[in-house]
Amino acid sequence: MKIENKNYHEEKLKIISEEFKTFVKDGRSVALKKKSVPHLVPNPKDERFKKKKLNLSALNKILEINETEKYAVAESGVTFHQLVHETLKYGLIPYTVPELKGITIGGAVSGCSIESMSYKLGGFHDSCIEYELISGRGEIITCSVDKETDVFNQIHGSYGTLGILTKLKFKLLDAKPFVKMNYEKYKNIEDYWSALKKACSDGNYDFIDGIIHGKNEHVICFGTLVETAPFLSKYDWLSIFYKSTNEKTEDYLAIADYFFRYDTECHWLTKSFPVLENKIFRFFFGKLFLGSTNLIALSAKLRHVLKLKKRPDVVVDVFIPSNKFLDFYRWYEKDFDFYPLWIVPYRMKSKYPWISDNFHKKVNDDLLIDCAIYGKKNNTQIDFSALLEDKVYEFNGVKTLISRNHYSESRFWEIYSKENFSNAKRKTDPDAYFPDLYTKFVKNQK
């Protein structure tokens, strides 16, 4: 079914590409203005705040949902909240739905967005078939699994350094209306890891993730798509999802509520401001402050306050090969000691070309464990952000680039493939209008 007129997309694309060409012609660098809030951790030193904005807000429409062949075509600014709302009308869902409502499909590909479906299905980008982007010269490039595959495969994890992603085509899955949740509790990490690893190998659940609430409070969250539910819980106002996993053994959610169960607290960002978890406050002021969009927008407005702090809090996802997870976690429990910790098993469907060949050999695993750390205070003599980065490297893991980065240039390109990145960039940005990954996320952030 056609949702939006294709010609309308072409008209918007032409206007944006022509405007972009004026930036290029004048030699001005550009940042992107989108309708949704950015999901990078606010940094007062970020060069984007000093740049003129290219407005991409119009690129927020779903163009097609094909029920028969089970795919969708949508503009890059479409949020997953918007996408799920539409696909469920046809009994379909995306292969992987990131947990925050405001994450866009373009952002999910340019960065890295995974969730509890990822232990089987990988990241959202693994379901993508075709991308359209504006090159560094303002030209329109289409790449796919069959056309310009080197560029197509490099878009994931490029964070906008190869071009401006404008349209995506991706596969869809059959859905059911509800998710049954079962929570298994473990007192020690060894039993927890054994059960989690076996569940990922068996593949009997539609969704698997976990929350470690403390040193003796390890929870695995199993989800199964079902047709009926004896009761339903909602976690979009007074009730707090992450706490429920430690209090309950079973739960039922409507599927859309399941996908965005972490959104109200933005995982547990509200934990940093205890009043936000107070039921009376939530009753009267919840609509103003709760939800990832409100909380992230507020954090961005307060970015200048970060200058007053010794260091910003640690907010980052790190991916640890499953063969190193126990060793990493034992270090984490002893020396890092911050909870809750979100645990998301993630199946790497194939070798990602943005990882260097030598580092991929060190990873030596197709199952990675995303350890998501949201809100560790970092005002002691130890810089926990730098310490974590070093430890992730030591355990052959990969850290996302969404927050503070400390890499030397040599170590950065030891992890990332400079050769593959440069080969793709010669096709999409031959004049190097956009910065490379190291310049954007390390050099310009210091």
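Over the ring of which residue does the charged end of Lys-169 sit? In this predicted model, the views below take up that question and several other local features.

**View A. Charged ends placed over tyrosine rings.** The ring beneath the charged end of Lys-169 belongs to Tyr-71, and the charged end lies 4.4 Å from the centre of that ring. A second arrangement of this kind involves Arg-261, whose charged end sits over the ring of Tyr-258 at 4.0 Å from the ring centre.

**View B. The cavity and its lining.** The structure holds one cavity of 30 Å³ or more, and the space in the largest cavity comes to about 160 Å³. Its lining is made up of 16 residues, of which Cys-112, Phe-319, Trp-354, Val-398 and Thr-400 are the closest to the centre. By residue class, the lining of the largest cavity consists of eleven nonpolar residues, four polar residues and one charged residue.

**View C. Aromatic pairs and an aromatic cluster.** A pair of aromatic rings is described by the distance of the centres and the angle of the planes. The count of aromatic pairs in the model is 44. Among them is the pair formed by Trp-413 and Phe-421, which is tilted, with 6.1 Å from centre to centre and 45 degrees between the planes; both Trp-413 and Phe-421 are buried. Elsewhere in the sequence, Trp-193, Phe-325, Phe-328, Tyr-329, Trp-331, Tyr-332, Phe-336, Tyr-339, Phe-384 and Phe-395 together form one aromatic cluster.

**View D. The cis peptide bond before Pro-340.** Tyr-339, which is one of the residues of the aromatic cluster, is joined to Pro-340 by a peptide bond that is cis, with omega near 0 degrees. Pro-340 itself is placed in the loop that runs between helix α11 (325–336) and strand β14 (341–347).

**View E. Glu-409 and its surroundings.** Glu-409 belongs to helix α14, which covers residues 409–415. Because its relative accessibility is 42%, Glu-409 counts as partly exposed. Once its neighbours within four places in sequence are left aside, Glu-409 is in contact with Lys-418 and Tyr-438. The C-alpha atoms of Glu-409 and Lys-443 lie 8.6 Å apart in space, although the two residues are 34 residues apart in sequence.

**View F. Ser-135 in a loop between two strands.** Ser-135 is located in the loop connecting β6 (128–134) and β7 (140–144). This residue counts as buried because its relative accessibility is 1%, where the cut-off for buried is under 20%. Apart from neighbours within four places in sequence, the residues in contact with Ser-135 are Phe-20, Ile-141, Thr-428 and Phe-434.

**View G. Positive phi values at Cys-266 and Asn-396.** Cys-266 has a phi near 50 degrees, which is a positive value in a residue other than glycine, and the residue is found in the loop between α8 (255–259) and α9 (279–289). With a relative accessibility of 11%, Cys-266 counts as buried. Asn-396, which is likewise not a glycine, has a positive phi of about 60 degrees. The loop that holds Asn-396 lies between α13 (384–394) and β16 (398–399), and Asn-396 is buried because its relative accessible area is 15%.

How values were computed. Residues numbered from 1 in each chain as written. Predicted model: local features only at pLDDT ≥ 70, side-chain atom pairs only at ≥ 80, totals over all residues. Heavy atoms only, no water. 1 Å grid on protein atoms, 1.4 Å probe; cavity = no way out; pocket = protein on both sides within 12 Å on 5 of 7 lines; lining within 4 Å. Points joined across faces, edges and corners; volume = space filled by probe spheres on them. Nonpolar A, V, L, I, M, F, W, Y, C, P; charged D, E, K, R; others polar. Helix = DSSP H or I, 4+ residues; strand = E, 2+ residues; numbered from the N terminus. Buried < 20%, exposed > 50% of the residue type's maximum accessible area, 1.4 Å probe, protein only. Contact = heavy atoms within 4.5 Å. Phe/Tyr/Trp six-rings, centres within 6.5 Å; stacked < 30°, edge-to-face > 60°. Lys NZ or Arg CZ within 6 Å of the ring centre and 35° of its normal.
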